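Please look through the sequence and the model shown below, with attention to charged side chains. A short set of questions and answers follows.

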Amino acid sequence: MTRKREKPILTAPLSSGDYEAAVAAFIRDRGVTRCPTACLVRTQASVPEADRTALEHYEAGREQSRRSHIAATARLLGVPLPPSSVC
């Protein structure tokens, strides 16, 4: 398979203006779009109740799985664990 030759990547440090120009050229040449606000600032969206509930169930399942794994590993190694406190 033959690859198209690409321009070499610059290795010298760029000034702020040169960096912005290089980014703008990259975006222009590749047709890439970006949204700086979405990349830098957390979203203010609200999460539906059903999604929050599903996440809680998922996290509870992961915690139970983690505890089971720790208990199984402890049994395998012969390490006694207190009955109610597994990590």
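**Salt bridges and one leucine**

Q: How many helical turns, about, separate Arg66 and Glu63 in helix α3?
A: This is a predicted model, in which local features need pLDDT of at least 70 and side-chain atom pairs count only at pLDDT 80 or more, while totals for chains, interfaces and linings use all residues. Residues are numbered from 1 along each chain as its sequence is written, and side-chain values use heavy atoms, with hydrogens and water left out. Helices are DSSP runs of H or I with at least four residues, strands being runs of E with at least two, and both are numbered from the N terminus. Because Arg66 and Glu63 are 3 residues apart in helix α3, their separation is about one helical turn.

Q: How many salt bridges does the structure hold?
A: A salt bridge is counted where a side-chain nitrogen of Lys or Arg lies within 4 Å of a carboxyl oxygen of Asp or Glu. Among the pairs that meet in this way are Glu49 and Arg52, and the number of salt bridges held by the structure is 3.

Q: How far apart are the closest N and O atoms of Arg67 and Glu63?
A: Side chains of opposite charge can pair when their charged atoms come close. Arg67 and Glu63 are 4 residues apart in helix α3, so about one helical turn separates them. Their salt bridge has its closest N and O atoms at a distance of 3.0 Å.

Q: Which residues are linked with Glu63 in a network of salt bridges?
A: Glu63 forms a salt bridge with Arg66, where the closest N and O atoms are 2.7 Å apart, and Glu63 also forms a salt bridge with Arg67. The network that links Glu63 therefore takes in Arg66 and Arg67.

Q: Is Arg52 buried, exposed or partly exposed?
A: Arg52 shares helix α3 (residues 49-77) with Glu49, and the two side chains meet in a salt bridge of 2.6 Å, N to O. Buried means under 20% relative accessible area and exposed means over 50%, with partly exposed in between (1.4 Å probe, protein chains only). Because its relative accessibility is 38%, Arg52 counts as partly exposed.

Q: Which residues does Leu14 touch, not counting those up to four places away in sequence?
A: Leu14 lies in the segment before α1 (16-30). With contact taken as heavy atoms within 4.5 Å, and not counting residues up to four places away in sequence, Leu14 touches Tyr19 and Ala22.
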